[in-house]
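Subject: Structure for you to look at

Hi,

Here is the structure I promised to send over. Have a look at it first, and then read on for what I found in it.

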Amino acid sequence: MGETVDRADAERQSDAERRPGAERRADAGRRAGAEQRAGAERRYFADPAQGPGIDPAAVAALADETLDFRFKAVPAAAHGLTVRDWLATRPALDGLGTPLLTLDAAALDHNLRTMAAWCRDAGVLLAPHGKTTMAPALWQAQLAAGAHAVTLANLPQLRVARAFGVRRLLLANTLLDPAGLAWIAAELDRDPGFAFTSWVDSADSVRQMGAALRAAGARHPVEVLVELGGPGGRTGARGVDAALDVAAAVLAAPALRLAGVGGYEGALAHDASATALAAVRGYLRDLADLHRRLAPDYPTRTPVVTAGGSAYFDTVAEELTPLAEQVPGTAVVVRAGAYLAHDDGFYRGISPLARATGATPLRSALHGWARVVSHPEPGLALLDAGKRDLPFDEGLPEPQLVRGGGPLAAAAAVTALNDQHAFLRDAGPAAPVGAVLRLGLSHPCTAFDKWSLIPVLDHADAEHPRVVDLVRTYF
């Protein structure tokens, strides 16, 4: 019986895909009206943000977690205390061991305010990519600073976000897992204030999502964005015409609701050269064209167009914000995530706020700390931090200063990392055995995942910084 129903649904969907555009638009309009009548309180992704966007009590409860051996950043003297009780002792950086990763409270605050102001001025919404930190307390700070939603990349990350009551989630990926779709359907049914949208880039994906949602007995359609890709890039329909075919399949699928279009321009470039920026602009213009061509078909008055990692969000705003007038109601959403911690490497060099004349630059809030444990030969020192502790995929750590001392020689450089060691060359007498060095890091996306609890310092440039918070991550 179930197979017969599914087959009939599939045949109806196939027929709908062949209908003229005007007929599809009428179907979409009728469906939108029915949705409004069925549940006036149902929240959709582009609806105005209301409330804190996350459960403050769930975040506050993190302070009740007991510290123990699971958290390599805290000393044994803290074991048995709760986060709240240990912070009440006003711990200092000098009392923490190495290797260590820390955040800088002053820089975090600066970056939050700077990005929020930039988004307001640019006329875009911000849905920061939460996978960068996987830290609910930092998500809360971003939402409080004005972020519209949180972006995530996979199903386990979505479950973390819902455990902390995040109300608006954008999945920058296609969700095909039947159990995951059943869970999303149940969350939408349980919480009318929960808004969720994901990407889709093929008719096959549309059919599989529809079948899984029907099997789960989904009562509310799942919002999806048609993903446009680019040659040699990541996922996404290759070309506007292919994306229009995907949109037609979505419009014919009762279990799905076409909410807009999206994609990731960062897969097409890796620097700020003229050639790279031209590739990004070309892609964004195709995305804008797709959005305009779909405008008559959208079953919503607030369609979404989203792009923008942490490297080209300025270009995204320049190319996509005119759509708000061309397609009234359009919500332009950027998804930069690395801006909060920033870095002393890849993003320091490519961030739009570093490249633009007169812009307020972001500041690195991310530092590594490592101790010199060996001088096995002239000009070479070994530190006790390696690949298990620090990011290395977008550049090696940058030696900056000696804790309690001064800056290192300009020639000092980390030239290689092993699992648990860093090779430091040409640091000179300023880095004897036992000295603790501060390291600038590159690429926060592969830094947070190595630490389940990260100390936040009042100011990393102070002579004796104090720990003012602990950030819990969930990878």
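A quick definition before the details: two strands count as paired if DSSP finds at least two bridges between them. Also keep in mind that this is a predicted model.

With that settled, strand β7 (residues 256-262) and β8 clear the bar, pairing in the parallel sense over 3 bridges. If you want a spot to zoom in on, glycine 260 sits opposite valine 304 in β8. On to the next pair: β8 and strand β9 (residues 331-334) are joined by 4 bridges, again in the parallel sense. There, valine 305 has valine 332 in β9 as its bridge partner. β9 also pairs with β2, in the parallel sense and over 2 bridges, with leucine 125 matched to valine 333 in β9.

These pairs belong to an open sheet of 8 strands with parallel pairing, and the order runs β2-β9-β8-β7-β6-β5-β4-β3. The edges are β2 (125-126) and β3 (150-152); each has a single partner strand, so one side of each is left without a neighbour in the sheet.

β8 deserves a closer look. Which way do its side chains point, and are they buried or exposed? In β8 (residues 304-307), Val304 and Thr306 point one way, Val305 and Ala307 point the other way, and all of them are buried. That is the pattern you'd expect, because side chains in a regular strand alternate between the two faces of the sheet.

Now the chain as a whole. It has 15 helices and 17 strands. How does its radius of gyration fit its length? For 475 residues, a compact globule would come out near 23 Å, and the chain has 24 Å, so the two agree. If you're setting up a box, the C-alpha atoms fill one of roughly 75 × 50 × 40 Å along the principal axes.

On the inside, 54% of the 475 residues are buried. Of the contacts with a separation of 6 or more, 71% are between residues 24 or more positions apart.

As for the outside, the accessible surface comes to about 19,200 Å², and carbon and sulfur atoms account for 53% of that. On charges, there are 47 positive and 54 negative side chains, and the centres of the two sets lie 3 Å apart.

Cheers

Notes
Residues are numbered from 1 along each chain as its sequence is written. This is a predicted model: local features need pLDDT of at least 70, side-chain atom pairs count only at pLDDT 80 or more; totals for chains, interfaces and linings use all residues. Side-chain values use heavy atoms; hydrogens and water are left out. The radius of gyration is taken over C-alpha atoms; the globule rule is 2.2 Å times the number of residues to the power 0.38. Buried means under 20% relative accessible area, exposed over 50%, partly exposed in between (1.4 Å probe, protein chains only). Contact means heavy atoms within 4.5 Å. Accessible areas come from the Shrake-Rupley method with a 1.4 Å probe; for residues, only the protein chains shown count as cover. Lys and Arg count as positive and Asp and Glu as negative; His and the chain ends are not counted. The place of a charge is taken as NZ of Lys, CZ of Arg, CG of Asp or CD of Glu.
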